[in-house]
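Thank you all for coming; I would like to go through one structure with you this morning. Please have the viewer open, since I will be moving between residues as I speak.

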Amino acid sequence: MKKRRIKKVAVIGSGIMGSGIACHFANIGVEVLLLDIVPRELNEQEKAKGLTLESPVVRNRIVNDGLKNTLKSKPSPIYNQKFASRITTGNLEDDLKKIKDVDWIIEVVIERLDIKKSVFENIEKYRKEGTLVTSNTSGIPIKFMNEGRSEDFQKNFAITHFFNPPRYLKLFEVIPGPNCDPEVTDFLMMYGEKFLGKTSVLAKDTPAFIGNRIGIFGIMSLFHAVKDLGLSVAEVDKLTGPVIGRPKSATFRTVDVVGLDTLVHVANGLYENVPDDEAHDLFKLPDYIDTMMKKKWLGSKTKQGFYKKSADEKGKKQILALDLESMEYKPSGKVKFATLEMTKTIDNVIDRFKVLVKGKDKAGEFYRKTFAAMFAYVQNRIPEISDELYKIDDAMKAGFGWQHGPFQIWDAVGVKHGIELMEKEGYKAAGWVNEMLEKEIESFYTVKDGAVYYYDIPEKKYLKIPGQDSFIILDNIRKTSTIWSNDEAAIQHLGDGVLNVEFRSKMNTLGSGVLQAINKGIDLAENEYEAVILGNQAANFSVGANLAMVFMFAVEQEYDELNMAISMFQNTVMRMRYSSVPTLITPRGMTLGGGCELSLHADKVVAAAETYTGLVEFGVGLIPGGGGTKEMAKRVSDLWIKDDVKLNRLRDAFINIAMAKVATSAYEAFDFGYYQKGKDLVVVNEARQIATAKRYALEMLEDGYIQPAPAKVKVLGQQALGMFQVGTDSLVAGKYASEHDQKIANKLGYIMAGGDLSEPTDVSEQYLLDLEREVFLSLLAERKTLERIEHTLKTGKPLRN
């Protein structure tokens, strides 16, 4: 069979979802043809310009407006705005014939069967044989959509359900049609995981599939429970957010963002289409939701929902929460529960659940009731919506941002204890759960030889979850592969002589323990092993140096301690640069300050696409002091260009640091010079990062890795210094920067220029590092810098003074 390659896709429908899907295919380098309907009448602007319905700009107005609005949305749907050039727009009358050249057609039109069938009928006129056709429907059964279509169409037809926004939410549900070729199903599952960076979940053609069936049940269950337990909107959001490993937006804020009308649409669909569901009545909307719908309190789109932004008598902005009894907006105030206080010292979310369900207050009661309801519901959805329990967990983690799925939470509570909670709430354990316990299998999951196994109901035993061989999951190998550790980090042997240094400090801050581990990892690799990766699988790779420690030393004027700490960091990054073994790094999420500086000095960066990196020290009144300033000057020096052009590049690097610019994706980091083309690479599926880094480490060794030789840096001295000082003078004169900002910026420019040298000069990297350290320490002696650091530590936001 001919190997499928996806070079070009067509997306039919340019609404929020359609344009978002188009952007994500453009993100991964695929050409996209985005099509929508032709307008039936002119708008006022078109009339004023004398245009007609036949004018090309009018005929493509709907598709162009849809894509334009999506590209302007925040957070951005695209890794780099340049990637939008990969999308070509058109309309369904003039351009549908172009689908003959594409490899995959994705339908994302309105959820009406008649319209979808009409679209598929027209697609069939032009598509070439073998072209994939999929629908993004969230509720229309496949058998109705592909009715009357050709044999080849049905063989290549499936539902591919993306979650919104497609760039950020990882769930990709694949539902094959009744006559879909198994090869097509396998291809879609592979493509979603490997190329789109998704968690591909094979689902059945049941109402709302897996993610929304369980997710909407969970939300509707809370909607009913909130009044029964006398909890406020803010209290429920406190209980259902980060404390249990879910997004900060928790429940009600998430509904406001998504739109209450969207949730109601899906809930009504479930109420109508699952009459035999034991929780059928839960999908019926509570009275207060009906009231909100009538008043159009739909959330962010109507400026009010469960929350509303307002201003008090003094004009200070505040967020009000809806009182579900009075249906009036009131200040929410701080939320505190004794049960939550008990979890403050428990860093691992999975270890909190046992504590939460034992709480004696209203929070404990809330967790017992809601977890019991969720356990009871998911156990009964097998085999209705999935034959394997891990697919339900995968769907909830990837589609709703949960750190742990329902069966994982049940395991954490204890399967037997979970049944006790259920029975107290009037639920019964499913027959298969009791049967599992009778076989003395007491958990839904287990880990063997670094792989996760799940309890398979038909086989009545543990089976290995498929598809793990492409990944290295640190959670699964820590116990057996850790060869060294301290309180802040650990080193694992990944096999084949490749070591991994995993940070474990709070927010993965870079304190002395982490630096000790990096140096220890390089020691071990140089003497006993072969290569070192700096890799962890937390949400954020590292937020940088331990700012609280820096502040404490500065306040106490422990400048010798600070000098030693900065020297240790600088020596560590230089050791990464000049060690005799390959050093690789796998940034993801926030990779700021010192995290970015570590990346700048590794032999190779294997970054997750969703990496937000930058040298942000300027925001707290400092300059990058761990080699970042030096390295940006060096990277400009390494360019084979004339000095006057280098001056412009140096200015760009200076601006990036002085404005504390953060790349909004790994691809944008290349534009800022943080990553280097031809050396560093991006992985869309972050679960593959460490395995990919290991593969490249072995390739580097196989190719004959040679320890780099120390390099000279050509600095431009007074020529660059003058440019920087003129620039900062004009910013102050225009009131774009404070005088203190100017002082920091001039010190930054002094380092990047290499000091007050009379002519361009070759200097050592150590020369620039010494300047860095000197400036860093001098800024810490400034009162205004300490005020900025203190403000940032208290509020999480930078202060301008």
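Let me begin with a cut-off, because I will lean on it throughout: a residue is called buried when its relative accessible area is under 20%, exposed when that value is over 50%, and partly exposed in between. I should also say at once that what you see is a predicted model.

With that cut-off in hand, please go to Lys735, which lies in the loop between α30 (718–733) and α31 (739–753). Its relative accessible area is 77%, so Lys735 counts as exposed. What is the sign of phi at Lys735? The angle is positive, about 60 degrees, although the residue is not a glycine.

A second backbone of this kind belongs to Ala208, where phi is near 70 degrees, again a positive value in a residue other than glycine. Ala208 sits in the loop between β8 (199–202) and α9 (211–228), and is it buried or exposed? Its relative accessible area is 6%, and therefore Ala208 is buried.

Staying with the backbone, I would like to turn to the peptide bonds. Asn164 and Pro165 are joined by a cis peptide bond, with omega at about 0 degrees, and Pro165 belongs to the loop between β6 (157–162) and β7 (171–176). Another cis bond connects Ile382 to Pro383, and here omega is about 10 degrees; Pro383 is in the loop between α16 and α17 (389–400).

While we are in that part of the chain, consider Val357, placed in the loop between α15 (353–356) and α16 (362–379). With a relative accessibility of 3%, Val357 counts as buried. Its C-alpha atom is separated by 10.0 Å from that of Thr370, a residue 13 positions away along the chain.

Now to the charged side chains. How many salt bridges does the model contain? The count comes to 52, where the rule asks for a side-chain nitrogen of Lys or Arg within 4 Å of a carboxyl oxygen of Asp or Glu.

One of them pairs Asp94 with Arg59, at 2.7 Å from N to O. Because Asp94 lies in the loop between β3 (87–91) and β4 (104–107), while Arg59 is in helix α3 (residues 56–59), this pair ties together parts that are 35 residues apart in sequence. The two partners can be described one at a time: Asp94 is partly exposed, at a relative accessible area of 30%, whereas Arg59, at 10%, counts as buried. The pair also takes part in a network of salt bridges that links Arg40, Glu54, Arg59, Glu93 and Asp94.

For a second example, look at Lys116 and Glu107, whose side chains meet in a salt bridge at 2.5 Å, N to O. Are these partners buried or exposed? Both Lys116 and Glu107 are buried.

A third example is the salt bridge between Glu502 and Arg504, whose closest N and O atoms are 3.6 Å apart. Glu502 has a relative accessible area of 4%, so it is buried, while Arg504, with 38%, is partly exposed.

From pairs of opposite charge, let me move to patches of like charge on the surface. Lys3, Arg5, Lys7 and Lys194 form a positive surface patch. Within it, Lys3 lies in the segment before β1 (8–12), and at 63% relative accessibility Lys3 counts as exposed.

Which residues form a negative surface patch? These are Glu556, Glu558, Asp560 and Glu561. Glu558 is placed in the loop between α23 (547–555) and α24 (559–578), and its relative accessibility of 35% means that it counts as partly exposed.

Finally, a word on the cysteines. A search of the whole structure finds zero disulfides, a disulfide here being a pair of cysteine sulfur atoms within 2.5 Å. Cys23 is buried, at a relative accessible area of 0%, and Cys180, at 11%, counts as buried too.

If you keep one view open for the discussion, I would suggest the network that links Arg40, Glu54, Arg59, Glu93 and Asp94, with the salt bridge between Asp94 and Arg59 in the centre of your screen.

Terms used
Residues numbered from 1 in each chain as written. Predicted model: local features only at pLDDT ≥ 70, side-chain atom pairs only at ≥ 80, totals over all residues. Heavy atoms only, no water. Patch = residues over 30% accessible without salt bridge, like charges linked within 9 Å, V, L, I, M, F, W, Y side chains within 5 Å. Areas by Shrake-Rupley, 256 points an atom, 1.4 Å probe, with all protein chains shown as cover. Lys, Arg positive; Asp, Glu negative; His and termini not counted. Charge placed at Lys NZ, Arg CZ, Asp CG, Glu CD. Helix = DSSP H or I, 4+ residues; strand = E, 2+ residues; numbered from the N terminus. Buried < 20%, exposed > 50% of the residue type's maximum accessible area, 1.4 Å probe, protein only.
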